[in-house]
Amino acid sequence: MSELPYERHFRAWCDLNRVEWRTFFYSRPEAGGETQAHHLLPAGEPLGGVLVVHGAGNDALFSLTRLFSELLQRRLEVFTFDVDGHGRHSSALLSTAGLETMIPAALRAWGKQVRERPLHAIGISLGGSLLLHALPRLGSALTSAVLVAAPLRVELSRAAILREVGAPMLRTIWRERSWFGLTGLIPSFGPFRRGAFPLRLEDAPGPGAFGYVQVLNRMLDRLDLPAAARATEVPTLLVYGARDRLVPREQAETLARALPTAEVLVLPGETHLSTPMSPIARGRILEWLRRQNSAPRTAA
């Protein structure tokens with residue numbers, strides 16, 4: 001399959017900035033297929049590494065290449081992968097059997113479980129929930145984590161959908177057009193753009209354009225994220241949008257109370273889709289990583 005325009009733009013940026021971009025596949029037997037991964041190495045010796053876990057319905061590169069560029073400019077290597085059930089080039093299914101092994105499998109594929117440089121993780125939306133579920137088992141392998149608009153449950157409603165397609169998203173598309181063009185930030189949402197961003201679910205979705213949300217919510221219930229938060233010792237930054245109705249800020253407050261070491265950033269005016277691309281969010285994430293990168297790490 002040919003690259004999407006924003007992928008070509010990012011590849012040109014990597015070439016210009018001497019970033020080594022390695023793409024490969026690894027097996028996901030628990031999920032019945034294989035996964036495509038991207039390993040990005042900055043020019044010069046890396047100061048640390050960042051595992052990035054993307055959100056539902058898209059893929060490992062959608063909307064995130066500008067964040068990747070800012071991480072790489074700070075000499076942080078990046079590893080990202082198609083979450084099970086996602087990606088045009090991957091074949092794994094999003095399944096209950098694969099939930100426990102998804103993040104550990106990505107770290108093994110990266111080959112960076114035990115190392116001297118700090119290792120951080122960023123999870124976006126569903127990717128944040130999957131990351132949170134894994135945090136208690138990852139232990140000292142991670143120096144810090146960032147959860148961006150990570151749902152305990154997706155609260156779907158007509159009002160929430162209308163909020164997402166309003167002014168904040170239009171403003172984001174216009175602001176980020178030099179990186180993604182005018183259509184590159186239009187996400188898969190309901191039935192839209194499923195050709196570009198397929199969604200492969202082990203459980204058949206319910207009726208209607210958003211029936212797949214029921215499947216995702218059943219999986220989120222199985223993850224028992226409040227319990228995972230209480231068992232997490234990794235310093236964690238929570239980033240949520242005040243106008244997000246799919247994952248309301250009250251969910252951030254629930255997680256903040258459960259996490260032993262958490263900081264919370266709530267962005268006025270940002271929705272679920274616009275929060276991960278907010279310049280304020282990127283700036284706070286980069287500052288968080290800078291501070292945490294200097295923290296001592298105990299070998300796993």
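**View 1. Ser 125, a buried loop residue with a positive phi.** With a relative accessibility of 14%, which falls under the 20% limit, Ser 125 counts as buried in this predicted model. The residue belongs to the loop that runs between strand 5 (119-124) and helix 5 (126-138). Its phi is near 55°, a positive value in a residue other than glycine. Most residues other than glycine have a negative phi.

**View 2. Ser 63, in the loop between strand 3 and helix 2 (65-73).** Here too the backbone has a positive phi in a residue other than glycine, with the value for Ser 63 near 70°. Ser 63 counts as buried, because its relative accessibility is 13%.

**View 3. Val 53 and its contacts.** Val 53 is found in strand 3, which covers residues 48-53, and at 0% relative accessibility Val 53 counts as buried. When neighbours within four places in sequence are left aside, the residues in contact with Val 53 are Phe 81, Val 83, Ile 103, Ile 122, Gly 123, Ile 124 and Gly 127. Of these contacts, Ile 122, Gly 123 and Ile 124 fall within strand 5 (119-124), while Gly 127 falls within helix 5 (126-138). Val 264 lies 211 residues from Val 53 along the chain, and the C-alpha atoms of the two residues are separated by 19 Å.

**View 4. The ring pair of Trp 13 and Trp 179.** The structure holds 11 aromatic pairs, and in the pair shown here the ring centres of Trp 13 and Trp 179 are 6.2 Å apart with the planes at 50°, so the pair is tilted. This pair links distant parts of the chain, since Trp 13 is in helix 1 (residues 5-16) and Trp 179 is in helix 8 (residues 177-180), 166 residues apart. Trp 13 counts as buried at 13% relative accessibility, and Trp 179 is likewise buried, with a relative accessible area of 13%.

**View 5. The aromatic cluster that includes Trp 13 and Trp 179.** Ring pairs link these two tryptophans with Phe 10, Trp 21 and Phe 68 into a cluster. At Trp 21, one of the cluster members, the charged end of Arg 11 sits over the ring, 3.9 Å from its centre.

**View 6. Arg 177 over the ring of Trp 174.** The charged end of Arg 177 sits over this ring at 3.8 Å from its centre. Arg 177 falls within helix 8 (residues 177-180), the helix that also holds Trp 179 of the tilted pair.

Conventions:
Residues numbered from 1 in each chain as written. Predicted model: local features only at pLDDT ≥ 70, side-chain atom pairs only at ≥ 80, totals over all residues. Heavy atoms only, no water. Helix = DSSP H or I, 4+ residues; strand = E, 2+ residues; numbered from the N terminus. Buried < 20%, exposed > 50% of the residue type's maximum accessible area, 1.4 Å probe, protein only. Contact = heavy atoms within 4.5 Å. Phe/Tyr/Trp six-rings, centres within 6.5 Å; stacked < 30°, edge-to-face > 60°. Lys NZ or Arg CZ within 6 Å of the ring centre and 35° of its normal.
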